[in-house]
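Work through the exercises below with the sequence and the model open. Each task is followed by a solution in steps.

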Amino acid sequence: MSTIRFLRILTIRAMSSSSSSSSWSCNKCTFLNSASQKLNCMICLAPVSLPSSSPSPSLSISTNDEAKWACKACTFLNTYKNSICDVCGTRLPTSCLLGFDDLTDSGLESNNADSSVGSVFFPLRRCSKRKAMDHDVVEVDGASVVCSESQGVMKKNKEIETKGVASDSGTPLTCLKILSYNVWFREDLELNLRMRAIGHLIQLHSPHLICFQEVTPEIYDIFRKSNWWKAYSCSVSVDVAVSRGYYCMLLSKLGVKSFSSKSFGNSIMGRELSIAEVEVPGRKPLVFATSHLESPCPGPPKWDQMFSRERVEQAKEAIEILRPNTNVIFGGDMNWDDKLDGKFPLADKWVDVWEVLKPGDLGFTYDTKANPMLSGNRALQKRLDRILCRLDDYKLGGIEMVGKEAIPGLSYEKEKKVRGEIKKLELPVLPSDHFGLLLTLLPK
């Protein structure tokens, strides 16, 4: 912890017992400053708001309705973009982020719980002192460049290499396989063996293009050391991979013309659209993209932080960005709930692949009944993951779910409250809490 942060915490403790009626509340972090502190907040250094009718600081209420979490150590209100307190460095408590594992029957006894609570998953941030940064990767003079919005600089990215097959080499492809998978960044649950199982699926199906969500630096490192990795070029460099909490990632066996990304302006969780333009041997070029749209985060006291409006706006923005392309695949963890969010906002010529190829099949990719690893959780079935496309020169071949089998010989214990009694369940382990989607495209 830095000396400045340490001194601020000491100040909090010293002043917490001596606040008086003449103190004023910071409109940014709500800390009660003494009357002698007239220019800036003692904690966050925000300037004091001075009403025109009063020469001295007075109580002000923030009108910012962006969701925040209160630090237990210093009370500073941080946005969900930050998993570490901006003031004192304390980690965001897991109780602030209600995920599927917390949505047990015993955890939803409140009468205020909305009926849609539990239909979503806001992933817990990994324990790291590094701040998540928004990066844009663009193509400049044939070289990949990382553009950091938060720092306003551009850095040469030497780690992104095009290892794929050039478009004018080899025999034209007879089919094209695309895998989309939320790999689940829970690192305390057999991470190495789960990621190895995902690697086996990649070797089994040999997808040409891969869209990953919830990749952490640890997961990235495991993948990078795997034998299958050498066949792919990656949208995320090593330097960027270790600087962020978790992120989406694109992999391609084909020749890559460019990687790029666009941060969503309305995201409080640092979500973005990742895009790759690839060259298909003997076929028309293809754009493929992925995203992890804003995650609902139900929690007390109102249980209403579902972020549906933000998610819908992000979906519209993503489709608008991708729409000019004649052949485009958009797959990822959309966190989509048709009851809450309505129909996915597709433009003309766009289709939801599962709906077209599997009519009548609900296609739950998060399913506490079909996924025995989640059987100790509150019952929940949602088609959170989707592959959407707009194709002129390709046609849909087939789509299937992968990662539905338990890893042989592997199990874990989970406690569940049943009728007021805590029971220990021994459950199997699957590669992820989501099922993956594998799409096959054929040339027209």
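**Exercise 1: a loop residue with positive phi**

Glu190 sits in the loop between strand 8 and helix 2. The model is a predicted one.

Task: State the sign of phi at Glu190, and decide whether Glu190 is buried, partly exposed or exposed.

Solution.
- Step 1. Phi of Glu190 is near 45 degrees, which is a positive value in a residue other than glycine.
- Step 2. Most residues other than glycine have a negative phi.
- Step 3. The relative accessibility of Glu190 is 33%, so Glu190 counts as partly exposed.

**Exercise 2: a second such residue**

Task: Find where Lys349 lies and classify its exposure.

Solution.
- Step 1. Lys349 belongs to the loop between helix 6 (338–341) and strand 16.
- Step 2. Lys349 is not a glycine, yet its phi is positive, about 75 degrees.
- Step 3. With 56% relative accessibility, and exposed meaning over 50%, Lys349 counts as exposed.

**Exercise 3: the sheet that holds strand 8**

Task: Give the strand order of the open sheet with strand 8 and identify the strands at its edges.

Solution.
- Step 1. The order of the 6 strands is 10-11-9-8-23-20, and the pairing is mixed.
- Step 2. The edges are taken by strand 10 (233–234) and strand 20 (394–402); each has a single partner strand, so one side of each is left without a neighbour in the sheet.
- Step 3. Inside the order, strand 8 (residues 176–182) and strand 23 (residues 436–443) run antiparallel and are joined by 5 bridges.
- Step 4. To locate this pairing in the viewer, start from Lys177, which stands opposite Thr440 in strand 23.
- Step 5. Helix 2 (residues 191–205) lies across strand 8, strand 9 (209–215), strand 20 and strand 23. Helix 2 runs at about 170 degrees to strand 8.

**Exercise 4: helix 2 against helix 3**

Task: Describe how helix 2 and helix 3 pack, giving angle and axis distance, and sort the contact residues by type.

Solution.
- Step 1. Two packed helices are described by the angle between their axes and the distance between the axes.
- Step 2. For helix 2 and helix 3 (residues 217–224), the angle is about 50 degrees and the axes are 10 Å apart.
- Step 3. The two helices are therefore oblique to each other.
- Step 4. The crossing of helix 2 past helix 3 is right-handed.
- Step 5. Helix 2 contributes Leu191, Asn192, Met195 and Ile198 to the contact, and helix 3 contributes Glu218, Ile219, Ile222 and Phe223.
- Step 6. These residues divide into 6 nonpolar, 1 polar and 1 charged.

**Exercise 5: the buried side of helix 3**

Task: List the buried residues of helix 3 and say what covers them.

Solution.
- Step 1. Pro217, Ile219, Tyr220, Ile222 and Phe223 are the buried residues of helix 3.
- Step 2. Their cover includes helix 2, strand 9, strand 10, helix 4 (238–241) and strand 11 (247–252).
- Step 3. Ser237 lies in the loop between strand 10 and helix 4. Its relative accessibility is 2%, so Ser237 counts as buried.
- Step 4. From Tyr220 to Ser237 there are 17 residues in sequence and 9.8 Å in space, C-alpha to C-alpha.

**Exercise 6: the sheet that holds strand 15**

Task: Give the strand order of the open sheet with strand 15 and name the strands that helix 5 touches.

Solution.
- Step 1. This open sheet has 6 strands in the order 12-13-14-15-19-16, with mixed pairing.
- Step 2. Strand 12 (255–263) and strand 16 (350–352) are its edge strands, each pairing on one side only.
- Step 3. On average, neighbouring strands of the sheet are turned by 20 degrees against each other, direction ignored.
- Step 4. Strand 15 (residues 327–333) pairs with strand 19 (residues 385–391) in the antiparallel sense over 7 bridges. Gly332 has Arg386 as its bridge partner in strand 19.
- Step 5. Helix 5 (residues 308–322) packs on the sheet and touches strand 12, strand 13 (272–279), strand 14 (286–292), strand 15 and strand 16. Its direction makes about 25 degrees with that of strand 13.

**Exercise 7: a hairpin**

Task: How many residues lie between strand 21 and strand 22?

Solution.
- Step 1. Strand 21 (residues 411–418) and strand 22 (residues 421–428) run antiparallel and are joined by 8 bridges.
- Step 2. Lys414 stands opposite Leu425 in strand 22.
- Step 3. The two strands form a hairpin with 2 residues between them, and Arg419 in the turn has a positive phi of about 50 degrees.

Notes:
Residues are numbered from 1 along each chain as its sequence is written. This is a predicted model: local features need pLDDT of at least 70, side-chain atom pairs count only at pLDDT 80 or more; totals for chains, interfaces and linings use all residues. Side-chain values use heavy atoms; hydrogens and water are left out. Two strands pair if DSSP finds at least two bridges between them. Helices (H or I, at least four residues) and strands (E, at least two) are DSSP runs, numbered from the N terminus. Contact means heavy atoms within 4.5 Å. Axes are lines fitted to C-alpha atoms, for helices over the stretch in contact, and angles run from 0 to 180 degrees between N-to-C directions. Angles under 35 degrees count as roughly parallel, over 145 as roughly antiparallel, 65 to 115 as roughly perpendicular and the rest as oblique. A crossing is left-handed if the near helix is turned anticlockwise from the far one by less than a right angle, and right-handed if clockwise. Ala, Val, Leu, Ile, Met, Phe, Trp, Tyr, Cys and Pro count as nonpolar, Asp, Glu, Lys and Arg as charged, and the others, Gly among them, as polar. Buried means under 20% relative accessible area, exposed over 50%, partly exposed in between (1.4 Å probe, protein chains only).
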